[in-house]
Amino acid sequence: MIKFIRRIFASNRPSISQLIADGAIIIDVRSASEFRSGHGKNTRNIPLQTIEKKMTSLRKQNKVIITCCASGMRSGRAAKILNKAGLEAYNGGAWSTVEKARKQSEV
């Protein structure tokens, strides 16, 4: 039953590990103190409340963006903000999940 539901709601979006392997940047949208308590390698911290102020610098990088946070809620909001601004962004969910995907992309 769960496989059936996943298949119905599955999207054609690329995998997070493939996006990372292709050069996507990872933006952790948690607060600075949350970020300091643990984060993935090569991850940039831009708290959700400041993401719009960083739009110009993100646009200049001309790269796909993966957002992450503690659970996927804030990163989902950040990805929507970035997509609305014309950037290609994907919600990676929890930072620990994105870190696992990053490690898989290195294999």
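**Exercise 1. In the predicted model, determine which residues Ser-75 contacts, leaving aside neighbours within four places in sequence, and decide whether Ser-75 is buried or exposed.**

Solution.

Step 1. Locate the residue. Ser-75 belongs to helix H5, which covers residues 73-84.

Step 2. List the contacts. With neighbours within four places in sequence set aside, Ser-75 touches Val-29, Thr-67, Cys-68, Cys-69, Asn-91 and Gly-93.

Step 3. Assign these partners to elements. Strand S3 spans residues 65-69, and Thr-67 and Cys-69 lie on one side of S3, with Cys-68 on the other. Strand S4 comprises residues 89-94, and Gly-93 of S4 is the bridge partner of Cys-68.

Step 4. Judge the accessibility. A residue is buried when its relative accessible area is under 20%. The value for Ser-75 is 0%, and therefore Ser-75 counts as buried.

**Exercise 2. Establish the order of the strands in the sheet and explain why S2 and S4 each have one side without a neighbour.**

Solution.

Step 1. Write down the order. The four strands form an open sheet in the order S2-S1-S3-S4, and the pairing is parallel.

Step 2. Identify the edges. Strand S2 (43-45) and strand S4 (89-94) each have a single partner strand, so one side of each has no neighbour in the sheet.

Step 3. Add the twist. From one strand to the next, the twist averages 30 degrees.

Step 4. Examine the pairs that involve S3. S1 and S3 are joined in the parallel sense by four bridges, and within this pair Ile-27 has Thr-67 of S3 as its bridge partner. S3 and S4 are likewise parallel, with five bridges. In this second pair, Ile-65 is matched with Ala-89, Ile-66 stands opposite Tyr-90, and Cys-68 is matched with Gly-93.

**Exercise 3. Describe how helices H5 and H6 lie on the sheet, and state the handedness of the unit made by S3, H5 and S4.**

Solution.

Step 1. Place H5. This helix lies across S3 and S4, and its direction is at about 150 degrees to S3.

Step 2. Place H6. Helix H6 (residues 95-105) also packs on the sheet, where H6 touches strand S1 (25-28), S3 and S4. The angle between the directions of H6 and S4 is about 110 degrees.

Step 3. Follow the chain from strand to helix to strand. S3, H5 and S4 together make a β-α-β unit, and this unit is right-handed.

Step 4. Set the unit in the whole chain. The protein chain contains six helices and four strands, which follow one another in the pattern α-α-β-α-β-α-β-α-β-α.

**Exercise 4. Find how many residues of S3 are buried, and which residues cover each of its faces.**

Solution.

Step 1. Recall the general rule. In a regular strand, side chains alternate between the two faces of the sheet.

Step 2. Sort the residues of S3. One side carries Ile-65, Thr-67 and Cys-69, while the other carries Ile-66 and Cys-68.

Step 3. Check both sides. These residues are all buried, and both faces of S3 are thus covered. The count is five of five residues.

Step 4. Consider S4 as well. S4 is mostly covered, with five of its six residues buried.

**Exercise 5. Name the residues with the most contacts inside the largest nonpolar core, and state which element gives the most residues to this core.**

Solution.

Step 1. Begin with the general tendency. In soluble globular proteins, nonpolar side chains tend to be buried together.

Step 2. Identify the core. The largest nonpolar core holds 15 residues, and those with the most contacts inside this core are Ile-27, Val-29, Ile-51, Leu-58, Ile-65, Leu-82 and Leu-87.

Step 3. Trace the core to its elements. S1, helix H4 (55-61), S3 and H5 each give two or more residues. H5 gives the most, namely three residues.

Step 4. Inspect one member. Apart from residues up to four places away in sequence, Leu-87 touches Met-55, Leu-58, Arg-59, Ile-65 and Leu-82.

Step 5. Separate the second core. Another core of ten residues is distinct from the largest one, and Ile-66, Cys-68, Tyr-90 and Ala-101 are among its members.

Conventions
Residues numbered from 1 in each chain as written. Predicted model: local features only at pLDDT ≥ 70, side-chain atom pairs only at ≥ 80, totals over all residues. Heavy atoms only, no water. Buried < 20%, exposed > 50% of the residue type's maximum accessible area, 1.4 Å probe, protein only. Contact = heavy atoms within 4.5 Å. Pairing = 2+ DSSP bridges. Axes fitted to C-alpha atoms, helices over the stretch in contact; angles between N-to-C directions. Right-handed = clockwise from strand over helix to strand, strands pointing away. Core = buried A, V, L, I, M, F, W, Y, C linked by side-chain atoms within 4.5 Å.
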